[in-house]
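This report is a guide to reading the fold and the ligand site of one protein, written for someone who has the coordinates open at the bench. Please keep the sequence at hand while going through it.

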Amino acid sequence: MKILLQSPRERALEWHAALQAALPEATVAAWPDAPASPDYALVWKPPAELFIRARPTRAIFNLGAGVDGLMAVPTLPDDVPVIRLEDAGMAEQMAEYVTLAVLRAYREIDAYAAQQRDGLWRPRPRIAKPSFGVGFLGFGVLGNAVAHALLPFGFPLHAWSRTRKTTPGIVSYAGIAELDEFLAKARVLVCLLPATPDTASLLDRVALETLPAGAHVVNVARGGIVVDEDLVALLDNGHLAGATLDVFREEPLPPGHPFWHHPRVTLTPHASALTQVDDSVAQVAAKIRQLERGEWVTGIVDRARGY
Ligand SMILES: NC(=O)c1ccc[n+]([C@@H]2O[C@H](COP(=O)([O-])OP(=O)(O)OC[C@H]3O[C@@H](n4cnc5c(N)ncnc54)[C@H](OP(=O)(O)O)[C@@H]3O)[C@@H](O)[C@H]2O)c1
């Protein structure tokens, strides 16, 4: 079995060793070495040249949950299945990150920080929990895991997706026709959508104005889903209380971007859920073994939907 590995450059040796250990029978070539027709390729934001020099025959594994970077590669073969990472150690990290953001908003930690700076000892009244809905924009592998981590806190939970869900304790909204009704419930909006043509700039001024006054936006999905100027305008006019942003249209976020120093923005450098080498390799190796046995695997990307 021939495998081509084009991993994130900074940890290439670690990826190679882990993959070779998980599949000792395979010959693993590390890009830019490239067998002409490997059985499998494992890639992360590959250059267009990769699929010209090496045409995988069995499957292409994307070393991340979001496949937007791979879908944008013009030479990506359209007759080979693309398989993405599912959780692979990311769900727990997302749950930590989003829970922190939700509780920080609910417990008004930023308001207390301001009071502390002013030397003010002033307990704030408890916010009625039934009024503090948390909305998940995107309710797939990660949205589901994060919502379940939040369930014990008792916030009303709402989830918007393309198809209707029946998840106990979580109100489901499906499709664009139910987007406004969903947004109106979200005091904290958590974006966990994939970046596709349908979700590009979905969170524009109109959508953000539909959120309740004082809402908080958490974007841990992709920067292109949010219209930056519209988000800044609504933070400035006070309709939105805050934003916690991990992903941006341009990464690294350019110096001088208004998010950097906005008093209502908390930002992190695309670090909410880092790809875990061992978990990812174990998942990919298990799927390769399933495919070799002629079995079906989960996580195959639907090219028409784009995720
Ligand atoms: N910041 C980071 O470090 C980081 C790390 C990992 C992932 N991510 C991002 O998180 C995203 C989600 O990952 P995941 O594994 O949870 O993906 P997933 O399992 O594919 O879930 C995607 C969800 O979005 C919904 N959706 C997609 N297009 C939609 C549309 N047009 N309208 C309404 N709902 C739509 C899907 O609806 P259905 O359920 O009906 O299909 C599904 O619920 C990834 O695509 C990636 O961009 C970011």
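The text below takes up the two sheets, the ligand site and some backbone details in turn.

**The five-stranded sheet**

The model is a predicted one, and one part of it is an open sheet of five strands in the order β2-β1-β3-β4-β5, whose pairing is parallel. At its edges stand β2, made of residues 27-30, and β5, made of residues 82-83, each of which pairs on one side only. Within the sheet, strand β1 (residues 2-6) and strand β3 (residues 40-43) run parallel and are joined by four bridges; leucine 5 has leucine 42 in β3 as its bridge partner. Across β1, β3, β4 (59-62) and β5 lies helix α10, which spans residues 277-292 and runs at about 165° to β4.

**The seven-stranded sheet**

Another open sheet has seven strands, again with parallel pairing, and its order is β8-β7-β6-β9-β10-β11-β12. Because β8 (170-174) and β12 (265-267) stand at the edges with a single partner strand each, one side of each is left without a neighbour in the sheet. On average, and with direction ignored, neighbouring strands of this sheet are turned by 15° against each other. Strand β6, residues 134-137, pairs with β7 in the parallel sense over four bridges, and in this pairing leucine 137 stands opposite tryptophan 160 of β7. Helix α9 (residues 228-236) packs on the sheet, where it touches β10 (215-219), β11 (240-245) and β12, and its direction makes about 140° with that of β11.

**The ligand site**

How many residues surround the ligand, and which are the closest? The ligand is surrounded by 29 residues, of which Phe139, Leu142, Thr163, Lys165 and Tyr307 are the closest. By character, the residues of this shell divide into 15 nonpolar, eight polar and six charged. The table lists polar side-chain atoms that lie opposite an oxygen atom of the ligand.

| Side chain | Distance from its N or O atom to a ligand oxygen atom |
|---|---|
| Lysine 165 | 2.5 Å |
| Arginine 84 | 2.9 Å |
| Histidine 270 | 3.4 Å |

On its own the ligand has 930 Å² of accessible area, and the protein covers 93% of that area. The elements that give two or more residues to the shell around the ligand are α4 (90-106), α6 (141-150) and β7 (157-161). Strand β7 is thus met in two settings, as the parallel partner of β6 and as a contributor to the ligand shell.

**Backbone details in the loops**

Which peptide bond is cis, with omega near 20°? That bond runs from tryptophan 31 to proline 32, and proline 32 is found in the loop between β2 and β3. A cis peptide bond also joins glutamate 251 and proline 252, where omega is about -10°; the place of proline 252 is in the loop between β11 and β12. A further backbone detail concerns aspartate 87, a residue other than glycine whose phi is nevertheless positive, near 65°. Aspartate 87 is found in the loop between β5 and α4, and so far as the neighbouring elements are concerned, β5 is an edge strand of the five-stranded sheet, while α4 gives two or more residues to the shell around the ligand.

Notes. Residues are numbered from 1 along each chain as its sequence is written. This is a predicted model: local features need pLDDT of at least 70, side-chain atom pairs count only at pLDDT 80 or more; totals for chains, interfaces and linings use all residues. Side-chain values use heavy atoms; hydrogens and water are left out. Two strands pair if DSSP finds at least two bridges between them. Contact means heavy atoms within 4.5 Å. Axes are lines fitted to C-alpha atoms, for helices over the stretch in contact, and angles run from 0 to 180 degrees between N-to-C directions. A residue is near a molecule or strand if one of its heavy atoms lies within 4 Å of it. A polar contact is a pair of N or O atoms within 3.5 Å; within protein, one must be able to donate a hydrogen and the other to accept it, and residues adjacent in sequence count only if both atoms are side-chain atoms. Accessible areas come from the Shrake-Rupley method with a 1.4 Å probe; for residues, only the protein chains shown count as cover. Ala, Val, Leu, Ile, Met, Phe, Trp, Tyr, Cys and Pro count as nonpolar, Asp, Glu, Lys and Arg as charged, and the others, Gly among them, as polar.
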